[in-house]
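Biologist: Before we discuss the surface and its charged pairs, please show the chain under discussion.

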Amino acid sequence: MPNICVFGIFFVTLQANCDWREMNADSRHQETLFSPLQMQLLSMLSRIRTEKEAMDIRNLVANYYAERAFDAMDALWEEGKMDEKTIADWKQLHERTPYAD
């Protein structure tokens with residue numbers, strides 16, 4: 001579950017594994033300003049008390065972005081920028097990060 005970490009007075013970050021020792025000195029003293037919407041979301045997230053609630057929120061967010069991705073793909077299809085050939089090409093696509101030995 002993500003933790004909210006506070007460094008100094010102004011710097012707040014939301015991370016899965018928060019360890020201030022891994023951050024460099026410059027990043028520990030930056031000021032991060034949140035928008036009103038971000039503040040509202042942080043306030044809502046502070047009410048999460050159980051792992052099930054946290055998982056439910058994660059699933060809601062994941063489903064939201066999955067729906068947006070499907071909508072974007074539908075728009076590409078309707079605009080003619082994606083078709084059956086595009087999907088067939090993806091099946092043969094092998095993009096991998098080359099690693100040095």
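Modeller: This is a predicted model. As a starting point, D56 and K52 both belong to helix 3 and stand 4 residues apart, which means that about one helical turn separates them. An α-helix has 3.6 residues a turn, so residues three or four places apart point the same way. The side chains of D56 and K52 meet in a salt bridge, with an N to O distance of 3.0 Å.

Biologist: Is K52 buried or exposed?

Modeller: The cut-off for exposed is over 50% relative accessible area. Its partner D56, at 34%, is partly exposed. K52 has 57% relative accessibility, and therefore counts as exposed.

Biologist: Which residue meets R58 in a salt bridge?

Modeller: R58 is partly exposed, having a relative accessible area of 31%. The partner is also described as partly exposed, at 46% relative accessibility. The side chains approach to 3.2 Å, N to O, and the partner of R58 is E51.

Biologist: How many salt bridges does the count come to?

Modeller: The rule asks for a side-chain nitrogen of Lys or Arg within 4 Å of a carboxyl oxygen of Asp or Glu. One such pair is K81 with E79, whose closest N and O atoms are 3.4 Å apart; K81 is exposed, at 61% relative accessible area. By this rule, the count of salt bridges is 4.

Biologist: Which helix gives the most to the nonpolar patch?

Modeller: The patch covers about 870 Å², and its residues include L37, M44, I57, L60 and Y64. Helix 2 (36-45) and helix 3 (51-78) each supply at least two of its residues. L60 is located in helix 3 and is exposed, with a relative accessible area of 56%. With 5 residues, the greatest contribution comes from helix 3.

Biologist: What does helix 3 reach from its first C-alpha to its last?

Modeller: Helix 3 contains 28 residues, and the expected value at 1.5 Å a residue is 40 Å. Helix 3 is followed by G80, which has a positive phi near 80°. The computed reach is close to the expected one, at 40 Å.

Biologist: What percentage of the residues of the chain count as buried?

Modeller: Along the sequence the pattern is β-β-α-α-α-α, that is, 4 helices and 2 strands. The chain exposes about 9100 Å², of which carbon and sulfur atoms supply 57%. Among contacts between residues at least 6 apart in sequence, 10% join residues at least 24 apart. Of the 101 residues, the portion that counts as buried is 10%.

Terms used:
Residues are numbered from 1 along each chain as its sequence is written. This is a predicted model: local features need pLDDT of at least 70, side-chain atom pairs count only at pLDDT 80 or more; totals for chains, interfaces and linings use all residues. Side-chain values use heavy atoms; hydrogens and water are left out. Buried means under 20% relative accessible area, exposed over 50%, partly exposed in between (1.4 Å probe, protein chains only). Contact means heavy atoms within 4.5 Å. Accessible areas come from the Shrake-Rupley method with a 1.4 Å probe; for residues, only the protein chains shown count as cover. Patches are made of residues with over 30% relative accessible area and no salt bridge: like charges are joined within 9 Å, nonpolar side chains (Val, Leu, Ile, Met, Phe, Trp, Tyr) within 5 Å. The expected span of a helix is 1.5 Å times one less than its number of residues.
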